[in-house]
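Open the model in your viewer and keep the sequence panel visible. The tour below goes from one selection to the next.

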Amino acid sequence: MNHRKKIYSGLVFLVAVASILGGMIAHAKDDSLKVVFLDVGQGDAILIEQGEKQILIDGGPSGKRLMEELGKYVPFWDRKIDVVIATHPDSDHISGLVDVLKNYEVGEMIKTDAKSGTDVDKSLLGLVSDKKIESQLAEKGLAVKLSDEARLDIIAPRADENVSGEKDTNSGSVVAMLIYGKNKFLFMGDFPIEKDPELIADNQDLGAQFLKVSHHGSKNATSEEFLKAVKPETAIISVGKGNRYGHPAQEALERLKNAGSEILRTDERGDVVFECQDSKRECAVN
Ligand SMILES: [Zn+2]
């Protein structure tokens with residue numbers, strides 16, 4: 001390499017380093033918030049991101065798919081997911097999380113006591129203990145602070161509910177509310193319709209503009225009473241194209257339409273991305 005070439009490649013290297021550093025600083029300082037309903041096929045995975053901080057709710061049915069999805073939104077230099085929440089131990093919610101625990105540093109894991117006894121549930125629990133990941137019990141009253149203005153509240157299950165022996169893992173599903181200024185997102189996991197009255201009785205204010213519809217929009221999701229309490233402007237359904245369960249069910253879609261909610265589906269749109277510029281403005285889908 002002659003002298004001139006050396007100087008040239010040196011400059012190219014410096015420019016590349018400078019632009020990566022610039023990107024890292026801009027990303028860390030950016031306090032806009034993003035909520036992404038990742039298209040993971042038949043399952044749930046939701047990424048909440050603000051600056052360098054991430055909360056991941058569920059991981060969908062495939063680790064490979066989830067890694068690709070996260071790669072689109074989490075910058076390559078950021079190898080830490082601050083909080084991972086498993087709503088319940090069904091494989092369409094936790095299978096992908098195994099790869100997250102293997103490939104990312106996880107700050108904290110939040111989950112219930114429910115155990116499905118499946119291989120994937122066992123490997124997840126094994127990884128949490130092998131990697132000494134801090135683990136907290138998901139129960140009403142627990143709050144995860146993302147920043148001064150953004151907070152995720154766990155609103156179900158209640159601390160006095162024993163979900164460890166549940167045969168139907170859905171009924172112990174974690175329900176959480178993200179609050180960012182006037183913006184509220186309600187995440188339902190696979191929470192069953194039979195328990196809607198209990199959830200309404202336990203929570204004074206369930207109002208939220210954005211609702212992640214329970215259980216992939218099955219007929220066991222989202223009663224009329226519940227929709228009256230939430231009044232969602234937008235309902236997001238995380239569901240796989242041509243899935244064998246026939247999700248979402250016509251009844252659930254009708255209930256949402258009658259409640260005046262706009263329905264956004266991951267099988268139709270791919271990732272559903274909400275951008276929230278700041279806490280004073282309403283989040284918008286793009
Ligand atoms: Zn599910």
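Two residues are in contact if their C-beta atoms, placed from the backbone, lie within 7 Å. Keep that cut-off in mind for the first stop. Note also that this is a predicted model.

**Stop 1: Ala 143.** Select residues 143–145, which form strand β7, and pick out Ala 143 in that strand. Is Ala 143 buried or exposed? A residue counts as exposed if 12 or fewer other C-beta atoms lie within 10 Å of its own. Ala 143 has 11 other C-beta atoms within 10 Å, so it is exposed. Now show what Ala 143 touches: leaving out residues up to four places away in sequence, the contacts are Arg 151, Leu 152 and Asp 153. Then add Leu 178 to the selection. From C-alpha to C-alpha, Ala 143 and Leu 178 are 9.6 Å apart in space, while 35 residues separate them in sequence.

**Stop 2: strand β9.** Select residues 175–180, which make up strand β9. A residue is buried if 20 or more other C-beta atoms lie within 10 Å of its own. In β9, 5 of the 6 residues are buried, so the strand is largely enclosed by the rest of the structure.

**Stop 3: the partners of β9.** Add strand β8, residues 150–156; β8 and β9 pair in the antiparallel sense over 6 bridges. Next add strand β10, residues 183–187, which is joined to β9 by 5 bridges and also runs antiparallel to β9. Which residues are the bridge partners of Ala 176 in these two strands? Ile 154 is bridged to Ala 176 of β9, and Phe 187 in β10 is another bridge partner of Ala 176.

Now zoom in on the link between β9 and β10. The two strands form a hairpin with 2 residues between them. In the turn, select Gly 181, which has a positive phi of about 60 degrees.

**Stop 4: two helices.** Select helix α2, residues 63–73, together with helix α3, residues 91–103. Their axes come within 7 Å and cross at roughly 60 degrees, and the two helices are therefore oblique to each other. The contact involves Gly 63, Arg 65, Leu 66 and Met 67 on the α2 side; on the α3 side, the residues include Ser 95, Gly 96 and Val 98. The crossing of α2 past α3 is right-handed.

**Stop 5: the whole chain.** Colour residues 1–30 as domain 1 and residues 31–285 as domain 2, following the domain assignment. The C-alpha centres of these two domains lie 39 Å apart.

Note on methods:
Residues numbered from 1 in each chain as written. Predicted model: local features only at pLDDT ≥ 70, side-chain atom pairs only at ≥ 80, totals over all residues. Helix = DSSP H or I, 4+ residues; strand = E, 2+ residues; numbered from the N terminus. Pairing = 2+ DSSP bridges. Domains from an automatic or database assignment. Axes fitted to C-alpha atoms, helices over the stretch in contact; angles between N-to-C directions. Parallel < 35°, antiparallel > 145°, perpendicular 65-115°, else oblique. Left-handed = near helix turned anticlockwise from the far one by under 90°.
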